[in-house]
Amino acid sequence: MFELLFYAVPTLMIAGFGYGAFALVRRARRIGRTWSHGLTAEGRCLRMFTTTSGGGGDTSVSTRVHHVYEFTTREGRAVRFEEAGGPATVLEGDIVTVRYQPERPERATARRPAHGRLAAGTGCGLVFFGVGIAFCVGFIAVAHMIFTEAGGLMP
């Protein structure tokens with residue numbers, strides 16, 4: 001029964017890494033599709049704020065910029081959305097170009113198209129998840145080898 005822990009935990013971690021990779025690719029495809037085939041509209045930055053994390057003890061503080069935008073679709077529907085990680089040069093009241101898919105305008109983006117940057121970021125994320133999965137598979141293989149060699153010696 002004790003051995004099961006050495007199989008179950010890495011298997012759950014593999015499932016988590018796999019879901020993370022799936023979500024990363026899905027997000028990148030959605031943003032890329034919005035940049036390539038989405039409609040554009042004029043939007044306005046309603047609010048800009050920052051969030052901070054870290055800073056406890058000797059750790060560094062990281063700050064992230066968030067914007068709240070509002071735009072009107074071609075059908076006349078007013079849509080408000082929040083986007084994290086945008087440029088700090090966009091301030092409240094600024095006019096921006098918003099790109100959106102007509103069927104899901106609430107998933108709009110005000111970021112400028114950067115397909116290469118999106119691909120590089122997605123690739124780095126997939127490498128991270130792949131290394132995590134490979135480590136877990138290796139851990140399971142080594143644990144299995146140890147348990148097989150130990151035979152009945154384990155309690």
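This text walks through the salt bridges, one strand pair and the two largest pockets of a predicted model.

Start with the hairpin of β2 and β3. The two strands run antiparallel and pair over 7 bridges. Within this pairing, Val68 stands opposite Glu82 of β3. The turn of the hairpin holds 5 residues between the strands. One of them, Gly76, takes a positive phi near 95 degrees.

Strand β3 has two faces. Val79, Phe81 and Glu83 make up the covered face. Ala78, Arg80, Glu82 and Ala84 make up the uncovered one. Keep Arg80 and Glu83 in mind, as both return below.

Now the salt bridges. The structure holds 4 of them. One joins the side chains of Glu70 and Arg80, at 3.3 Å from N to O. This pair links distant parts of the chain, with Glu70 in strand β2 (residues 61-72) and Arg80 in strand β3 (residues 78-84). The two residues are 10 apart in the chain. How accessible is Glu70? Glu70 has a relative accessible area of 29%, so it counts as partly exposed. Arg80 reaches 54% and is therefore exposed, because the exposed class begins over 50%.

A second bridge joins Glu106 to Arg77, and their closest N and O atoms lie 3.7 Å apart. Glu106 sits in strand β5 (residues 104-109), while Arg77 belongs to the loop between β2 and β3. The separation along the chain is 29 residues. Glu106 is partly exposed at 36% relative accessible area. Arg77 is partly exposed too, at 46%.

A third bridge brings Glu83 and Arg111 together, with N and O 3.9 Å apart. Glu83 lies in strand β3, and Arg111 lies in the loop between β5 and α2 (115-150). They are 28 residues apart. Is Glu83 buried or exposed? Glu83 has a relative accessible area of 10%, so it is buried, because buried means under 20%. Arg111 is partly exposed, with a relative accessibility of 27%. Elsewhere, bridges with shared partners join Arg77, Arg104 and Glu106 into one network.

Turn next to the pockets. Rolling a probe the size of a water molecule over the atoms shows where space is left empty. The largest pocket has a volume of about 580 Å³. Its lining counts 22 residues, and Trp35, Gly85, Arg111, Arg112 and Arg117 are the closest to its centre. Which elements each supply at least two lining residues? They are α1 (2-37), β4 (95-101) and α2. Of these, α2 gives the most, with 5 residues. By class, the lining of the largest pocket has 11 nonpolar, 6 polar and 5 charged residues.

The second largest pocket holds about 220 Å³ of space. It is lined by 13 residues, and those nearest its centre are Arg27, Arg30, Ile31, Glu83 and Arg111. Here the elements that give two or more residues are α1, β3 and β5. By class, this lining has 8 charged, 4 nonpolar and 1 polar residues.

Two residues tie these parts of the picture together. Glu83 and Arg111 form a salt bridge, and both lie among the residues nearest the centre of the second largest pocket. Arg111 also appears among the residues closest to the centre of the largest pocket. Glu83, for its part, belongs to the covered face of β3.

Technical notes:
Residues numbered from 1 in each chain as written. Predicted model: local features only at pLDDT ≥ 70, side-chain atom pairs only at ≥ 80, totals over all residues. Heavy atoms only, no water. Helix = DSSP H or I, 4+ residues; strand = E, 2+ residues; numbered from the N terminus. Buried < 20%, exposed > 50% of the residue type's maximum accessible area, 1.4 Å probe, protein only. 1 Å grid on protein atoms, 1.4 Å probe; cavity = no way out; pocket = protein on both sides within 12 Å on 5 of 7 lines; lining within 4 Å. Points joined across faces, edges and corners; volume = space filled by probe spheres on them. Nonpolar A, V, L, I, M, F, W, Y, C, P; charged D, E, K, R; others polar. Pairing = 2+ DSSP bridges.
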